[in-house]
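Please open the structure in your viewer and keep the selection tool at hand, since the tour moves from the whole chain to a single residue and then to its surroundings.

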Amino acid sequence: MQNAKKLMSVVATALLFAAPVASHAVDLDFNGAVSNGVRLSQNYGDGPTWDVTYRDLTTPSFSLLGWTTGYQGTRDVLYSGVTDAGSHGRITIAPYAGYQVTLNSFDLTPYLTGAPRTFSSQWAVYSVGGGASFASVGPLATLTTYSPALSSTTGVIIE
(Lines give C-alpha, C1' and ligand atoms only; values in the text may rest on other atoms or scores of the structure.)
Protein backbone atom coordinates (compact mmCIF):
# COMPACT_ATOMS: atom_id res chain seq x y z
CA MET A 1 0.00 0.00 0.00
CA GLN A 2 1.18 3.46 -0.78
CA ASN A 3 1.74 5.83 2.09
CA ALA A 4 0.60 9.32 1.06
CA LYS A 5 0.00 12.73 2.54
CA LYS A 6 -3.10 12.91 4.65
CA LEU A 7 -5.08 16.00 3.88
CA MET A 8 -7.54 17.52 6.26
CA SER A 9 -10.48 19.18 4.61
CA VAL A 10 -13.03 21.09 6.57
CA VAL A 11 -11.07 19.64 9.45
CA ALA A 12 -13.52 20.14 12.16
CA THR A 13 -17.01 20.58 10.92
CA ALA A 14 -19.11 21.62 13.84
CA LEU A 15 -16.64 22.17 16.61
CA LEU A 16 -18.54 23.08 19.72
CA PHE A 17 -16.97 25.59 22.06
CA ALA A 18 -18.97 25.68 25.27
CA ALA A 19 -19.06 27.83 28.34
CA PRO A 20 -20.42 26.18 31.48
CA VAL A 21 -23.88 27.65 30.77
CA ALA A 22 -24.06 28.53 27.07
CA SER A 23 -22.60 26.95 23.98
CA HIS A 24 -22.37 27.59 20.28
CA ALA A 25 -21.19 25.60 17.28
CA VAL A 26 -18.34 26.82 15.12
CA ASP A 27 -17.32 25.31 11.78
CA LEU A 28 -13.56 25.42 11.34
CA ASP A 29 -12.88 25.23 7.63
CA PHE A 30 -10.15 26.58 5.42
CA ASN A 31 -12.21 28.04 2.57
CA GLY A 32 -10.25 30.98 1.21
CA ALA A 33 -7.67 30.72 4.02
CA VAL A 34 -5.09 28.60 2.20
CA SER A 35 -2.81 28.99 -0.80
CA ASN A 36 -0.97 26.24 -2.65
CA GLY A 37 2.12 25.19 -0.69
CA VAL A 38 1.84 28.07 1.81
CA ARG A 39 1.85 27.49 5.57
CA LEU A 40 -1.38 28.36 7.38
CA SER A 41 -1.20 31.23 9.86
CA GLN A 42 -1.09 30.06 13.49
CA ASN A 43 -3.86 32.46 14.46
CA TYR A 44 -6.35 31.12 11.90
CA GLY A 45 -9.46 29.70 13.60
CA ASP A 46 -8.79 31.19 17.03
CA GLY A 47 -11.87 32.45 18.87
CA PRO A 48 -12.83 34.34 22.01
CA THR A 49 -12.69 31.19 24.20
CA TRP A 50 -10.35 28.83 22.29
CA ASP A 51 -6.98 28.62 20.56
CA VAL A 52 -6.17 26.50 17.50
CA THR A 53 -2.60 25.45 16.62
CA TYR A 54 -1.31 23.67 13.53
CA ARG A 55 1.92 21.65 13.56
CA ASP A 56 3.81 19.76 10.90
CA LEU A 57 5.42 17.17 13.19
CA THR A 58 7.82 16.22 10.39
CA THR A 59 9.32 19.67 11.08
CA PRO A 60 7.76 20.71 14.44
CA SER A 61 8.48 24.43 14.15
CA PHE A 62 6.34 24.60 10.98
CA SER A 63 2.60 25.06 10.54
CA LEU A 64 0.58 22.86 8.16
CA LEU A 65 0.58 23.63 4.44
CA GLY A 66 -2.50 24.47 2.37
CA TRP A 67 -3.75 23.48 -1.08
CA THR A 68 -6.78 24.91 -2.85
CA THR A 69 -8.12 22.23 -5.25
CA GLY A 70 -7.59 18.77 -6.70
CA TYR A 71 -7.92 16.31 -3.84
CA GLN A 72 -10.82 13.88 -4.22
CA GLY A 73 -13.14 16.74 -5.15
CA THR A 74 -12.32 18.74 -2.01
CA ARG A 75 -11.16 22.33 -1.75
CA ASP A 76 -8.96 24.21 0.69
CA VAL A 77 -7.19 21.40 2.53
CA LEU A 78 -4.24 21.16 4.94
CA TYR A 79 -1.34 18.71 4.72
CA SER A 80 1.98 18.00 6.39
CA GLY A 81 5.42 16.95 5.17
CA VAL A 82 7.21 17.55 1.91
CA THR A 83 7.15 13.92 0.78
CA ASP A 84 4.46 11.27 0.92
CA ALA A 85 6.31 8.91 3.24
CA GLY A 86 6.28 9.79 6.91
CA SER A 87 4.14 12.92 6.81
CA HIS A 88 2.71 13.70 10.25
CA GLY A 89 0.46 16.64 11.13
CA ARG A 90 -1.42 17.82 14.21
CA ILE A 91 -4.25 20.25 14.89
CA THR A 92 -4.90 21.17 18.53
CA ILE A 93 -8.05 22.97 19.64
CA ALA A 94 -7.63 24.18 23.22
CA PRO A 95 -10.35 25.96 25.23
CA TYR A 96 -9.50 28.71 27.68
CA ALA A 97 -10.03 28.10 31.41
CA GLY A 98 -13.67 27.50 32.30
CA TYR A 99 -14.62 26.30 28.81
CA GLN A 100 -14.65 23.02 26.92
CA VAL A 101 -14.39 22.00 23.30
CA THR A 102 -16.30 19.22 21.53
CA LEU A 103 -15.14 17.80 18.21
CA ASN A 104 -18.28 16.54 16.48
CA SER A 105 -16.81 15.60 13.10
CA PHE A 106 -13.92 16.10 10.68
CA ASP A 107 -12.95 14.99 7.17
CA LEU A 108 -9.81 13.27 5.89
CA THR A 109 -8.95 12.63 2.27
CA PRO A 110 -5.93 11.00 0.61
CA TYR A 111 -3.59 12.64 -1.85
CA LEU A 112 -3.95 10.59 -5.01
CA THR A 113 -2.35 11.14 -8.39
CA GLY A 114 -3.46 9.18 -11.42
CA ALA A 115 -5.82 6.27 -10.92
CA PRO A 116 -7.47 6.04 -7.47
CA ARG A 117 -5.73 3.65 -5.08
CA THR A 118 -5.62 3.10 -1.36
CA PHE A 119 -2.81 3.80 1.06
CA SER A 120 -2.11 3.01 4.66
CA SER A 121 -3.32 5.73 6.99
CA GLN A 122 -2.83 6.21 10.71
CA TRP A 123 -4.65 8.90 12.63
CA ALA A 124 -5.98 9.53 16.11
CA VAL A 125 -8.14 11.98 18.03
CA TYR A 126 -7.54 12.45 21.73
CA SER A 127 -7.89 14.86 24.63
CA VAL A 128 -4.85 16.93 25.52
CA GLY A 129 -3.03 14.90 28.18
CA GLY A 130 -5.14 11.78 27.49
CA GLY A 131 -4.99 8.66 25.39
CA ALA A 132 -6.49 8.15 21.94
CA SER A 133 -10.25 7.93 22.03
CA PHE A 134 -10.86 7.61 18.29
CA ALA A 135 -8.20 6.08 16.05
CA SER A 136 -7.71 4.19 12.82
CA VAL A 137 -5.00 2.36 10.94
CA GLY A 138 -5.84 1.16 7.48
CA PRO A 139 -6.64 2.08 3.91
CA LEU A 140 -8.18 5.41 3.00
CA ALA A 141 -9.20 5.79 -0.65
CA THR A 142 -11.83 8.53 -0.60
CA LEU A 143 -12.95 11.53 1.37
CA THR A 144 -14.18 10.19 4.70
CA THR A 145 -16.04 11.95 7.51
CA TYR A 146 -15.35 10.82 11.07
CA SER A 147 -17.61 11.65 14.04
CA PRO A 148 -15.80 11.17 17.37
CA ALA A 149 -18.06 13.52 19.43
CA LEU A 150 -15.18 14.01 21.87
CA SER A 151 -15.44 16.72 24.55
CA SER A 152 -12.61 18.01 26.71
CA THR A 153 -11.80 20.89 29.03
CA THR A 154 -8.07 20.47 28.24
CA GLY A 155 -8.38 20.43 24.44
CA VAL A 156 -8.77 18.08 21.50
CA ILE A 157 -6.00 16.90 19.15
CA ILE A 158 -6.41 15.53 15.63
CA GLU A 159 -3.17 13.85 14.55
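The stops below begin with the overall fold and then turn to particular selections.

Begin with the whole protein, bearing in mind that this is a predicted model. Colour by secondary structure, and you should find twelve strands and zero helices. A surface calculation gives an accessible area of about 7,300 Å², of which 55% belongs to carbon and sulfur atoms, while 42% of the 159 residues count as buried. If you list the contacts between residues at least 6 apart in sequence, 69% of them join residues at least 24 apart.

Next, select N31, which sits in the loop between β2 (23–28) and β3 (50–56). Is N31 buried or exposed? With a relative accessible area of 46%, N31 is partly exposed, because that class covers values between the 20% and 50% cut-offs.

Keep N31 displayed and ask which residues it touches, leaving aside those up to four places away in sequence. The answer is R75 and D76. For R75, the C-alpha to C-alpha distance from N31 is 7.2 Å, although the two residues are 44 apart in sequence.

Now select residues 74–79, which form strand β5, and colour them by accessibility: five of the six residues are buried, so that the strand is mostly covered. Finally, add residues 65–71, which make up strand β4; β4 and β5 run antiparallel and are joined by five bridges. To look at one pairing in detail, pick Y71, whose bridge partner in β5 is T74.

Terms used: Residues numbered from 1 in each chain as written. Predicted model: local features only at pLDDT ≥ 70, side-chain atom pairs only at ≥ 80, totals over all residues. Heavy atoms only, no water. Helix = DSSP H or I, 4+ residues; strand = E, 2+ residues; numbered from the N terminus. Buried < 20%, exposed > 50% of the residue type's maximum accessible area, 1.4 Å probe, protein only. Contact = heavy atoms within 4.5 Å. Areas by Shrake-Rupley, 256 points an atom, 1.4 Å probe, with all protein chains shown as cover. Pairing = 2+ DSSP bridges.
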